[in-house]
Amino acid sequence: MSESSQLLGPGLRALFRLRRCSLRTRQNVADELPDLIAPQLDVLFCGINPGLTAAATGHHFAGRSNRFWRVIHLAGFTPAEISPQDDHAILQYGCGLTAVVKRPTASADQLSRAEFVAAAAEFEHKVARYGPRFVAFLGKAAYSALSGQREIEWGLQPARMQGSSVWVLPNPSGRNLAFSLDDLVDAYRQLRLQVKAGSGLQPEGQDAAR
């Protein structure tokens, strides 16, 4: 037993062991957080990586402050607000969920650029295999890392990814204070209107990620 451990009472040592076990369990669950995906979806929403709450529960966007489910409902993607526990229901409405990087973190800032680079080939293969009309990135960071572009505008991008149109949306995380709920709904509604209009074939361009 180390000197620092000897200074702790048995109760505190047990607590630390439980916390270490909890962290390992969270990591194991996160590795199994499944994509919700099917061929030829209208939109494949792409988060940056799983949050710790999503990893622990096995459900996408399960954090209490995350506004994703409310936003896509108010923007017209779903007729009712889906609960995180029923996240699989999103497939009924032509939408799917994935993440660019699979490792869970408390904040996306904890990811390195190298992790995005390492995930690029697998992510592109996924897009090519399932062929969604739109790949919608939730935030600029992941798309910037995959495409190598630093200056990115919101909305429809000039380049495709494996034949799919690319759209960049604001991150719905509650930590994203730059966008109010109304701002998010307006941004997501623009994508919904494009989906309904069937204009996912514009514009033409080279693949976004290499």
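**Sheet, aromatic pairs and helix α6**

F45 has A136 of β3 as its bridge partner. The model that shows this bridge is predicted. The two strands involved are β1, residues 43–47, and β3, residues 134–138; they pair in the parallel sense over 4 bridges. They belong to an open sheet of 5 strands. The strand order is β2-β1-β3-β5-β4, and the pairing is mixed. At the edges stand β2 (95–99) and β4. Each has a single partner strand, so one side of each is left without a neighbour in the sheet. Helix α7, residues 181–197, lies across β1, β3 and β5. Its direction makes an angle of about 160° with β5.

Aromatic residues were examined next. A pair of aromatic rings is described by the distance of the centres and the angle of the planes. The count comes to 10 aromatic pairs. One of them joins F45 and F77 in an edge-to-face arrangement. The ring centres are 5.4 Å apart, with 80° between the planes. This pair links distant parts of the chain. F45 is in strand β1, whereas F77 is in the loop between α4 (68–74) and β2, 32 residues apart. Both F45 and F77 are buried.

W154 and F179 form another edge-to-face pair. Here the centres are 5.5 Å apart and the planes meet at 85°. W154 lies in the loop between α6 and β4, and F179 lies in the loop between β5 and α7, so the pair ties together parts that are 25 residues apart in sequence. With a relative accessible area of 39%, W154 is partly exposed, since that value falls between the limits of 20% and 50%. The ring of W154 also has a charged neighbour: the charged end of K140 sits over it, 4.4 Å from its centre. Ring pairs also build a cluster, made up of F45, F61, F68, W69, F77 and Y188. F45 thus appears both in this cluster and in the bridge to A136.

Helix α6 was considered in turn. Of its 8 residues, 6 are buried, so α6 is largely enclosed by the rest of the structure. The buried residues are A142, Y143, S144, A145, L146 and S147. They pack against α5 (113–130), β3 and β5. After α6 comes G148, which has a positive phi, near 80°.

Two arginines were then compared. Which loop holds R150? R150 is found between α6 (140–147) and β4. R150 counts as exposed because its relative accessibility is 79%, and the cut-off for exposed is over 50%. In sequence, R150 and K140 are 10 residues apart. In space, their C-alpha atoms are 9.1 Å apart.

Is R160 buried or exposed? R160 counts as buried because its relative accessibility is 8%, and the cut-off for buried is under 20%. R160 lies in the loop between β4 (155–156) and β5 (165–169). Its side chain reaches the backbone oxygen of G163 at 2.8 Å. β4 therefore has a loop with an exposed arginine, R150, before it and a loop with a buried arginine, R160, after it.

How values were computed:
Residues numbered from 1 in each chain as written. Predicted model: local features only at pLDDT ≥ 70, side-chain atom pairs only at ≥ 80, totals over all residues. Heavy atoms only, no water. Buried < 20%, exposed > 50% of the residue type's maximum accessible area, 1.4 Å probe, protein only. Polar contact = N/O pair within 3.5 Å; in protein donor to acceptor, adjacent residues only side chain to side chain. Pairing = 2+ DSSP bridges. Contact = heavy atoms within 4.5 Å. Axes fitted to C-alpha atoms, helices over the stretch in contact; angles between N-to-C directions. Phe/Tyr/Trp six-rings, centres within 6.5 Å; stacked < 30°, edge-to-face > 60°. Lys NZ or Arg CZ within 6 Å of the ring centre and 35° of its normal.
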